[in-house]
Amino acid sequence: MSKIVKDTQNELKNKITEAVNTAIKNGDLPEAELPQFIIEKPSDKKNGDFSTNIAMAGARAFKKAPKIIAESIVSNLDLSGTLFEKAEIAGPGFINFFLSDEYYSKILMDVVSCGDDYGKSDYGKGKRYLVEFVSANPTGPMHIGNARGGAIGDCLSSVLECAGFDVSREFYINDAGNQIEKFATSLEVRYLQACGRDTEMPEDAYHGADIIEHAENFKAEYGDKYADTSSEERRKALVDFALPQNIAGLERDLKKYRITYDNWFRESTLHNDGSVDRVIQALKDKGVTYEQDGALWFKASEFGNDKDIVLIRANGLPTYIVPDIAYHYNKLVTRGFDKAIDVLGADHHGYVPRMKAALTALGLDADRLDIVIMQMVRLVRDGETIKLSKRSGKAITLNTLLDEVPIDAARFFFNLREPNSHFDFDLELAAKQSSDNPVYYVQYAHARICSILRRAKEQGFEVYEPSIESLNALNSDEERDLITHLSLLTDEIIGAAKSYDPARVTHYVVELATLFHKFYSAHRVVVDDKEVMNARLYLCTAVKIAIYNVITMLKIDAPESM
């Protein structure tokens with residue numbers, strides 16, 4: 001919330017407490033401990049700007065009817081020198097408080113004086129958070145789920161930064177294990193086929209055109225050189241050739257999507273530096289493993305998981321969970337992040353208790369790992385689900401999506417719903433330039449304000465610092481609703497950071513645009529009365545600041561004309 005709102009609420013709480021103490025001192029209320037009470041915003045504006053339940057909460061302590069308690073408090077209430085105009089008793093004993101014009105004026109001044117910093121706070125106290133997201137398998141192109149994960153992870157990181165956390169963005173490259181073995185097999189078969197060898201592609205291998213392209217490019221560079229070498233040498237050469245290209249492609253495509261990582265962490269690092277072996281040994285030393293059927297098991301069921309899990313298979317190879325445990329240990333211990341946040345797909349529900357069980361067994365606080373589970377996306381056109389790209393006949397990838405819809409729309413749309421909700425992505429709507437398209441609607445509000453300010457300047461009018469009194473004239477319902485919504489931005493960002501839900505901020509800015517368009521329809525901004533015109537232009541400036549701060553935080557363009 002705006003500093004003005006926070007200070008006003010704190011002041012109101014103090015004034016209510018003072019009134020109760022004065023009522024006790026004057027004998028209007030019996031001596032009793034001050035009850036716990038709440039201050040909230042009534043749903044109906046007729047009931048004031050703030051309301052408290054203190055009279056009902058104190059009925060038992062003061063042994064009086066709530067309405068009598070409320071009358072005693074109000075009669076001893078001193079609102080002089082505050083931003084409150086009056087207090088009224090309603091219903092069985094609610095006390096409603098009404099703000100003065102000056103309150104709204106000060107909020108506007110707060111927004112404009114903060115400028116680019118409006119909405120930011122020190123809530124996070126500089127705690128170090130590592131957000132890992134996308135981490136797409138480097139054996140192929142990114143799909144629509146990665147597109148949603150990228151938008152959510154990147155926007156969540158921005159929200160956390162604005163809320164005062166020290167955030168690092170990370171991509172985890174699975175460049176070891178089963179997927180790379182399957183990648184090697186797929187490349188090997190396609191290469192041998194390109195060399196004229198009669199080799200059949202296994203059913204569970206990668207059958208994509210990208211594998212064929214890699215194999216043909218490899219052959220173009222090396223010819224048949226590797227056709228008669230050992231399979232081990234051939235597979236290594238193929239992976240060494242293709243994998244860096246895939247990783248470079250991931251980085252390139254994500255940059256196009258406006259995502260830049262602080263770190264690209266390779267799984268192979270954990271194998272090469274002994275981290276995987278050390279984690280296994282650490283779990284053994286803790287006495288939380290056992291051997292059965294030639295495999296090494298972790299007693300995960302003793303730490304909240306539904307069953308025990310295999311760490312080392314009977315063939316001596318670690319399961320995928322082992323490097324993942326080593327990776328999270330690296331995040332929280334080796335690199336010392338206060339919190340690790342993973343943005344993962346819906347198929348990872350079972351992964352969460354397994355990983356937390358392992359961290360607990362290693363002596364870590366498992367609450368330092370938070371998992372954001374993200375549901376699937378359904379692409380829709382003309383009300384029908386789209387599964388294939390019309391142009392290529394393949395599953396739609398991040399790249400093909402961005403060829404069809406603007407980047408602004410993709411990032412905005414993927415943050416219209418909280419992560420753990422299913423989402424229909426309307427391709428037609430995302431590309432539409434109309435008020436039906438929420439990102440266009442918000443950008444248009446920003447552009448319209450820029451146009452209003454530009455037009456006033458062309459007519460020789462420069463917005464000047466207004467007086468409190470002149471801003472007090474902004475007292476219509478549309479103006480007050482707009483100012484009230486402006487005051488909520490900092491709180492919405494903190495709420496989004498707490499809940500790991502950047503959609504809260506997206507909803508905020510759509511509502512802000514709605515309230516601005518409503519205000520603009522009801523009131524002329526450029527009018528003959530220069531003081532009124534300046535006050536309304538100042539209000540427009542404040543709205544422009546808030547819209548700009550939100551959409552640029554989400555890495556969405558803020559156009560000045562449309």
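This is a short walk through the packing, the aromatic pairs and a few individual residues of one structure, which is a predicted model.

I'll start with the nonpolar cores. The largest one has 147 residues. Within that core, the residues with the most contacts are L160, Y257, L401, F414 and F425. Helix α22, residues 530–553, supplies the largest share of the core, with 14 residues. There is also a second, separate core of 34 residues, and L296, F298, L344 and A361 are among its members. As background, nonpolar side chains in soluble globular proteins tend to be buried together.

Let me stay with Y257 for a moment. Leaving out residues up to four places away in sequence, Y257 touches A147, G150, A151, L398, L402, I407, A410, R411 and F414. So what surrounds R411, one of the residues on that list?

R411 lies in helix α15, residues 407–413. Its relative accessible area is 0%, so R411 is buried. With residues up to four places away again not counted, R411 touches A151, D154, C155, Y257, R258, I259, L554, K555 and I556. For a polar partner, look at L554: its backbone oxygen lies 3.0 Å from a polar atom of the R411 side chain.

R258, one of the residues that R411 touches, deserves its own remark. R258 is in the loop between α9, residues 231–256, and β7, residues 263–266. Its relative accessible area is 24%, so R258 counts as partly exposed. Most residues other than glycine have a negative phi. R258 has a positive one, near 70°. Another case is D382, with phi near 55°. D382 sits in the loop between β13, residues 377–381, and β14, residues 384–385. Is D382 buried or exposed? At 57% relative accessibility, D382 is exposed.

Next, helix α5. This helix has 14 residues and spans 21 Å from its first C-alpha to its last, close to the 20 Å expected at 1.5 Å a residue. Which of its residues are buried? They are Y103, Y104, S105, I107, L108, M109, D110 and V111. The buried residues of α5 pack against several elements: helices α1 (3–25), α18 (468–471), α19 (477–486) and α22, and strands β2 (50–52) and β4 (94–99). You'll recall α22 as the source of the largest share of the largest core. Just after α5 comes G115, with a positive phi of about 55°.

On to the aromatic residues. Across the whole structure, a search finds 28 aromatic pairs. A pair of rings is described by the distance of the centres and the angle of the planes. Take Y123 and F165: the ring centres are 6.0 Å apart and the planes are at 70°, so the pair is edge-to-face. Y123 is in the loop between α5 (101–114) and β5 (128–132), while F165 is in the loop between α6 (144–162) and β6 (166–173), so this pair ties together parts that are 42 residues apart in sequence. Y123 is partly exposed, at 36% relative accessibility, and F165 is buried, at 10%.

A second pair is F461 and Y464. Their centres are 6.2 Å apart with the planes at 50°, so this pair is tilted. F461 is buried at 12% relative accessibility, and Y464 is partly exposed at 39%. Ring pairs also link Y191, F218, Y222, Y226 and F241 into a cluster.

Two rings have a charge over them. K41 lies over the face of F50, at 4.6 Å from the ring centre. The charged end of R128 sits over the ring of F337, 4.1 Å from its centre.

Last, K299. K299 is in the loop between β9 (295–298) and β10 (309–312), and its relative accessible area of 21% makes it partly exposed. The cut-off for buried is under 20%. Setting aside neighbours within four places in sequence, K299 is in contact with G287, V288, T289, Y290 and D308. Where is the polar partner of the K299 side chain? The backbone oxygen of G287 lies 3.3 Å from a polar atom of that side chain. Finally, K299 and A358 are 59 residues apart in sequence, and their C-alpha atoms are 9.0 Å apart in space.

Notes: Residues are numbered from 1 along each chain as its sequence is written. This is a predicted model: local features need pLDDT of at least 70, side-chain atom pairs count only at pLDDT 80 or more; totals for chains, interfaces and linings use all residues. Side-chain values use heavy atoms; hydrogens and water are left out. A nonpolar core is a set of buried Ala, Val, Leu, Ile, Met, Phe, Trp, Tyr and Cys residues joined through side-chain atoms within 4.5 Å. Buried means under 20% relative accessible area, exposed over 50%, partly exposed in between (1.4 Å probe, protein chains only). Helices (H or I, at least four residues) and strands (E, at least two) are DSSP runs, numbered from the N terminus. Contact means heavy atoms within 4.5 Å. Rings of Phe, Tyr and Trp (its six-membered ring) pair if their centres lie within 6.5 Å; planes under 30 degrees apart count as stacked, over 60 as edge-to-face and the rest as tilted. A charge sits over a ring if NZ of Lys or CZ of Arg is within 6 Å of the ring centre and within 35 degrees of the ring normal. The expected span of a helix is 1.5 Å times one less than its number of residues. A polar contact is a pair of N or O atoms within 3.5 Å; within protein, one must be able to donate a hydrogen and the other to accept it, and residues adjacent in sequence count only if both atoms are side-chain atoms.
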